Amino acid sequence: IARYVSLAKARPMDRVNLYAIAASRIAIEHSGFDGDQRNDLGIIVGTGYSGLGSAYEHTRKLHEQGIEKLSPINFPGTVFNASAGLAAIELNLKGPNSTVTGTDLSGEYALVHGQMLIQQGSVSSIAVTGADDLPAFQFRLFRTWRLLSADKELAAISHASRFQGATASEGGASLLVENAESAAARGISPLAVIEGIGIVNEADRVFGYTDKTNALNAAIDRALEQANIKEQDLAWISSAANGLPALDTLEAKLYRERFEASRL
């Protein structure tokens, strides 16, 4: 942790904020941004549970000990925009910053939001970061939401031979997204080019999904339209590995139905 943020600053933070800061710092440093260049650089953080650990402890102490025992030092962590705000302060980023929270698609929404800001000309470059942590009490929530298997013999661990339930994981990842002019001005060769992007969420309730592929097809349509390419132009499709068997099965169904005719 000390490599990315001082221990004194890290102590009152949720791990999700530490992950966001560490991942963003690595991406920004690798991209070559430094000094005054960061004055216009912003950050979007996507997280499903930003500050949930602090919010839980804050509420628990309020009920158990009363408002007089609450510490103002811990309160900022209960604010859902804390992740992007803390990262911007720590990394001296003076452009726009926002935390996108949206259960299971927050990282993807952050990328869409960042790309939208660039396409609209609001920014020329922005760090897009996804981060989440897993406070111990959150596993009780997962079980309440039926995201973990009720059968103790079925492991909630991805790639297990009898896997069933959500993949429990935490960490952070970040990309530096910028327009072509900004990259050229800095003499940077991009790792990749975003030709098109599309995202649609079709949950019938929190963490509940239909058995139809309408949303997946709509997202693909948007991405192909932006990229101005046809299905037969695709050379490779990467599955999202959602972590829930129902969603992985749904995605596999879509690929069979939609791309079978265009396979080489």
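Helices (H or I, at least four residues) and strands (E, at least two) are DSSP runs, numbered from the N terminus. This is a predicted model, where local features need pLDDT of at least 70 and side-chain atom pairs count only at pLDDT 80 or more, while totals for chains, interfaces and linings use all residues. Residues are numbered from 1 along each chain as its sequence is written, and side-chain values use heavy atoms, with hydrogens and water left out.

**View 1. The whole chain, with its nine helices and six strands.** Of the 264 residues here, 39% count as buried; that label means under 20% relative accessible area, with exposed meaning over 50% and partly exposed in between (1.4 Å probe, protein chains only). The chain exposes about 15,700 Å², and carbon and sulfur atoms supply 54% of that area. Accessible areas come from the Shrake-Rupley method with a 1.4 Å probe, and for residues only the protein chains shown count as cover. Take the contacts (heavy atoms within 4.5 Å) between residues at least 6 apart in sequence: 70% of them join residues at least 24 apart.

**View 2. Helix 4 and what it packs against.** Helix 4 covers residues 82-91, and eight of its 10 residues are buried, so it is largely enclosed by the rest of the structure. The buried ones are A82, S83, A84, G85, A87, A88, E90 and L91. They pack against helix 1 (7-10), helix 2, strand 1 (42-46) and strand 2 (97-100).

**View 3. Two asparagines with positive phi, N92 and N228.** Most residues other than glycine have a negative phi. N92 comes just after helix 4 and has a positive phi of about 60°. It sits in the loop between helix 4 and strand 2 and, at 41% relative accessibility, counts as partly exposed. N228 also isn't a glycine, and its phi is positive at about 60°. Look for N228 in the loop between helix 8 (214-227) and helix 9; with a relative accessible area of 69%, N228 is exposed.

**View 4. The aromatic pair in helix 9, Y255 and F259.** Rings of Phe, Tyr and Trp (its six-membered ring) pair if their centres lie within 6.5 Å; planes under 30 degrees apart count as stacked, over 60 as edge-to-face and the rest as tilted. By this rule the count comes to one aromatic pair. The ring centres of Y255 and F259 are 6.1 Å apart and the planes are at 50°, so this pair is tilted. The two residues are four apart in helix 9 (residues 245-259), putting about one helical turn between them. Y255 is partly exposed at 23% relative accessibility, whereas F259 is buried at 8%.

**View 5. The second largest pocket, about 740 Å³ in volume.** On a 1 Å grid over the protein atoms alone, a pocket is an open set of points where a 1.4 Å probe fits, with protein on both sides within 12 Å along at least five of seven lines; lining residues have an atom within 4 Å of a point. Its lining has 24 residues, and L176, V177, P190, L191 and A192 lie nearest the centre. Helix 2 (15-31), helix 5 (106-119), strand 4 (171-178) and helix 7 (180-185) each give two or more residues to this lining. Strand 4 gives the most, with five residues. By type, the lining splits into 15 nonpolar, seven polar and two charged residues; Ala, Val, Leu, Ile, Met, Phe, Trp, Tyr, Cys and Pro count as nonpolar, Asp, Glu, Lys and Arg as charged, and the others, Gly among them, as polar.

Note on methods: Points joined across faces, edges and corners; volume = space filled by probe spheres on them.
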